[in-house]
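Me: I am new to this structure and would like to go through it in questions and answers. Please show it before we start.

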Amino acid sequence: MSATRIRVGGADPYDVVVGRGVFAELPALVGERAEQVAVVHPEGLGELARPALTALGAAGCSVHPLAVPDGEAAKTAEVAAGLWSRLGQAGFTRSDAVVGVGGGAVTDLAGFVAATWLRGVRSVLVPTTLLGMVDAAVGGKTGINTAEGKNLVGAFHPPSGVLCDLDTLAGLPAADYIGGLAEVVKAGFIADPAILDLVEADPEGAARPDGRHTRELIERAVFVKAEVVSGDLRESGRREILNYGHTLGHAVERAEDYTFRHGYAVAVGMVFAAELARLDGRVDAALVERHRKILASVGLPTAYSGAPWPELRRAMRVDKKARGATLRFIVLDALAEPAVLSGPAPELLDAAYAAIGT
Ligand SMILES: NC(=O)c1ccc[n+]([C@@H]2O[C@H](COP(=O)([O-])OP(=O)(O)OC[C@H]3O[C@@H](n4cnc5c(N)ncnc54)[C@H](O)[C@@H]3O)[C@@H](O)[C@H]2O)c1
Ligand SMILES: O=C(O)C(=O)C[C@@H](O)[C@H](O)[C@H](O)COP(=O)(O)O
Ligand SMILES: [Zn+2]
């Protein structure tokens with residue numbers, strides 16, 4: 001089957017290319033101007049970067065493989081500073097480019113370094129996790145974490161292209177694949193219920209990269225993200241819906257010192273948000289149960305009782321959707337009808353948290 005190209009609009013439009021064996025498309029996404037290309041990848045997973053290095057080398061680029069720590073350990077100021085030094089030593093100019101190959105953590109970092117080097121050079125992202133393909137690499141949010149919370153330093157810097165080669169998913173650990181499904185399911189609840197139908201029809205297949213509906217699930221989720229960010233790159237309105245499940249989710253990640261996978265935290269956060277919507281009289285219990293059933297059917301958590309609730313409440317204050325002391329949550333008014341719940345009463349938050357306790 002040939003590659004699918006999903007257009008992301010806005011001031012600087014670009015394509016998300018989805019297919020199998022599509023690495024030959026990489027040099028065109030990077031562009032002819034780039035003489036030097038930094039290929040940022042997780043250390044210990046150099047094999048993941050090999051097809052990118054080969055394709056760029058064959059196109060005549062001078063390629064610099066740059067290994068960074070794996071996972072969330074990549075998203076630090078120290079790692080970003082190390083990459084700035086490497087680009088400086090190699091004499092990277094504004095016509096050069098950064099390619100990020102790896103999971104969402106590495107593409108967030110690579111995008112951030114591209115956004116900040118010389119105030120912005122081209123980046124092309126090559127996500128190799130499900131989560132990276134359907135979410136992290138698309139939309140131009142780049143960033144790193146600080147001690148105070150998740151993604152607190154960053155920039156909106158859309159890539160010049162995104163290459164999703166579905167063959168790379170074969171070696172992804174099952175738990176990481178399943179983490180990515182949380183963002184796929186999120187896209188289903190906020191915008192495209194056909195995603196939920198596909199998961200419900202074959203949850204076992206949905207949890208595997210070789211499932212019957214894998215490609216359709218990925219393309220549908222990318223399409224949701226592309227459509228949303230095309231009209232609101234800087235999250236001044238509609239883009240906030242992509243944060244469904246993330247207010248509590250990010251607090252859980254931070255409280256667990258980033259040892260809790262992002263997708264798993266978002267799954268818990270979506271059940272919390274669904275309970276909030278029910279307690280606020282917006283949705284019925286059946287829709288909340290649909291969240292639990294779908295998430296559990298693919299192996300995602302639907303309950304949480306790790307960190308103390310006061311600590312999570314404190315951590316939620318740094319959420320980027322907050323306005324002053326007012327917390328704002330993305331909730332549903334109905335299936336695929338997201339809305340903002342602003343400043344919910346403390347008792348409502350307590351009750352929603354009690355409802356997701358184990
Ligand atoms: N920028 C955005 O819009 C956005 C959206 C969603 C999530 N995110 C961020 O993405 C991150 C989570 O991304 P993730 O779930 O991809 O986790 P991750 O980047 O930590 O990767 C998960 C693990 O899979 C490994 N891996 C990656 N590809 C592999 C492959 N093909 N085969 C074998 N192993 C492979 C990684 O090295 C890592 O150990 C979080 O930091 C989250 O905040 C960003
Ligand atoms: O692209 C967006 O916008 C999202 O909110 C997508 C989220 O899945 C993603 O985790 C994002 O990084 C969260 O951003 P943040 O602004 O809440 O840090
Ligand atoms: Zn997310």
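**Domains and ligands**

The shell around ligand 2 takes at least three residues from each of domain 1 (4-171) and domain 2 (174-197 + 232-356); domain bounds come from an automatic or database domain assignment. This is a predicted model, in which local features need pLDDT of at least 70, side-chain atom pairs count only at pLDDT 80 or more, and totals for chains, interfaces and linings use all residues. Residues are numbered from 1 along each chain as its sequence is written, and chains are lettered from A and ligands numbered from 1 in the order in which they are written.

Me: How many residues of each class are in the shell around ligand 2?

Reply: Ligand 2 is surrounded by residues that include D135, K150, N151, E183, E235 and H246; a residue is near a molecule if its C-beta atom, placed from the backbone, lies within 6 Å of it. Ala, Val, Leu, Ile, Met, Phe, Trp, Tyr, Cys and Pro count as nonpolar, Asp, Glu, Lys and Arg as charged, and the others, Gly among them, as polar. The shell around ligand 2 has one nonpolar, four polar and seven charged residues.

Me: Where does ligand 1 lie with respect to domain 1 and domain 2?

Reply: Ligand 1 is surrounded by 31 residues, and the closest are G103, G104, A105, T129 and A136. By class, this shell around ligand 1 has eight nonpolar, 15 polar and eight charged residues. Both domains give residues to the shell, so ligand 1 lies between domain 1 and domain 2.

Me: Which helices each supply at least two residues of the shell around ligand 1?

Reply: Helices (H or I, at least four residues) and strands (E, at least two) are DSSP runs, numbered from the N terminus. Those that each supply at least two residues of the shell around ligand 1 are α4 (104-116), α5, α6 (174-190) and α11 (262-279).

Me: Which elements give two or more residues to the side of domain 1 that touches domain 2?

Reply: The C-alpha centres of domain 1 and domain 2 lie 27 Å apart. The contact takes 17 residues from domain 1 and 17 residues from domain 2, where two residues are in contact if their C-beta atoms, placed from the backbone, lie within 7 Å. On the side of domain 1, the elements that give two or more residues are α5 (130-136) and β8 (149-156).

Me: Which element gives the most to the largest nonpolar core?

Reply: A nonpolar core is a set of buried Ala, Val, Leu, Ile, Met, Phe, Trp, Tyr and Cys residues joined through C-beta atoms within 7 Å. The largest one has 119 residues, and V40, V99 and L109 have the most contacts inside it. The element that gives the most to this core, with 13 residues, is α11.

Me: Is E183 buried or exposed?

Reply: E183 is found in helix α6. A residue is buried if 20 or more other C-beta atoms lie within 10 Å of its own, exposed if 12 or fewer, and partly exposed in between, with C-beta atoms placed from the backbone. E183 has 28 other C-beta atoms within 10 Å, so E183 is buried.

Me: Why do E183, H246 and H262 gather at one spot?

Reply: UniProt places the feature "binding site" (unreviewed entry) at E183, H246 and H262; its positions are given in the numbering used here, feature names are shortened, and annotations may be inferred rather than shown by experiment. H246 lies in helix α10. The three span 80 residues in sequence, yet they gather at one spot because no two of their C-alpha atoms are more than 10.3 Å apart.

Me: What is the phi of N151?

Reply: N151 is in strand β8 and is partly exposed, with 19 other C-beta atoms within 10 Å. N151 is a residue other than glycine, and its phi is positive, near 55°.

Me: Where does E235 lie?

Reply: E235 is not a glycine, yet its phi is positive, about 60°. With 18 C-beta neighbours inside 10 Å, E235 counts as partly exposed. E235 lies in the loop between α9 (214-231) and α10 (246-255).
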